[in-house]
Amino acid sequence: MVRVTADDIRVLAQDNSDDPVLVATGDRVEVVPAAQAGDRQVVYTKADLIEEYGPDLTDVEAQLAAANLTATLAA
């Protein structure tokens, strides 16, 4: 099962590469530029993160986003 952590969300929020996305690779996730996502499942984008939580992400918001994504992936 893929588990997204608050740290994964923080890495995504702080990534300044071109169009960063969080992708699932096997049972883990990583942040890569969208152009390098290939056939991996895009779990979340930085654009979506900013749209939902704004540019200044709090620790609570990072935990909430991680929990929501983990639950969505488990469904």
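These legends go with several close-up views of a predicted model.

**View 1. The whole protein, with 3 helices and 3 strands.** Follow the chain along its sequence and you'll meet the pattern α-β-β-β-α-α. The radius of gyration is 11 Å, close to the 11 Å that the globule rule gives for 75 residues, so the protein is as compact as a globular protein of that length. If you boxed up the C-alpha atoms along the principal axes, you'd need roughly 30 × 30 × 15 Å. Of the 75 residues, 36% count as buried. Take the contacts between residues at least 6 apart in sequence: 46% of them join residues at least 24 apart.

**View 2. Helix 2 and its buried side.** This helix runs over residues 46–53. Lys46, Leu49 and Tyr53 are its buried residues. They cover an arc of only 55° around the axis, which puts them on the same side of helix 2. What do the buried residues of helix 2 pack against? Their partners are helix 1 (6–14), strand 1 (20–25), strand 3 (41–45) and helix 3 (59–74).

**View 3. The other face of helix 2, and what follows the helix.** Turned away from the buried side is a face carrying Glu51 and Glu52, and both of these are exposed. After helix 2 comes Gly54, and its phi is positive, near 85°.

**View 4. Lys46, a buried lysine without a salt bridge.** Lys46 sits in helix 2. Which side chain of opposite charge is nearest to Lys46? That's Asp15, but it is 6.1 Å away. A salt bridge needs a side-chain nitrogen of Lys or Arg within 4 Å of a carboxyl oxygen of Asp or Glu, and Lys46 has none. Now look at the backbone of Asp15 instead: its oxygen lies 2.6 Å from a polar atom of the Lys46 side chain. So Asp15 turns up twice in this view, once for its side chain and once for its backbone oxygen.

**View 5. The residues around Lys46.** Skip the residues up to four places away in sequence, and Lys46 still touches Leu12, Ala13, Gln14, Asp15, Asn16 and Pro20.

**View 6. Thr45, a residue of strand 3.** Is Thr45 buried or exposed? Its relative accessible area is 18%, and buried means under 20%, so Thr45 counts as buried. With neighbours within four places in sequence left aside, Thr45 is in contact with Leu12, Pro20 and Val21. Leu12 and Pro20 also appear among the residues that Lys46 touches.

Notes: Residues are numbered from 1 along each chain as its sequence is written. This is a predicted model: local features need pLDDT of at least 70, side-chain atom pairs count only at pLDDT 80 or more; totals for chains, interfaces and linings use all residues. Side-chain values use heavy atoms; hydrogens and water are left out. Helices (H or I, at least four residues) and strands (E, at least two) are DSSP runs, numbered from the N terminus. Buried means under 20% relative accessible area, exposed over 50%, partly exposed in between (1.4 Å probe, protein chains only). Lys and Arg count as positive and Asp and Glu as negative; His and the chain ends are not counted. A polar contact is a pair of N or O atoms within 3.5 Å; within protein, one must be able to donate a hydrogen and the other to accept it, and residues adjacent in sequence count only if both atoms are side-chain atoms. Contact means heavy atoms within 4.5 Å. The arc is that of the directions from the helix axis to the C-beta atoms. The radius of gyration is taken over C-alpha atoms; the globule rule is 2.2 Å times the number of residues to the power 0.38.
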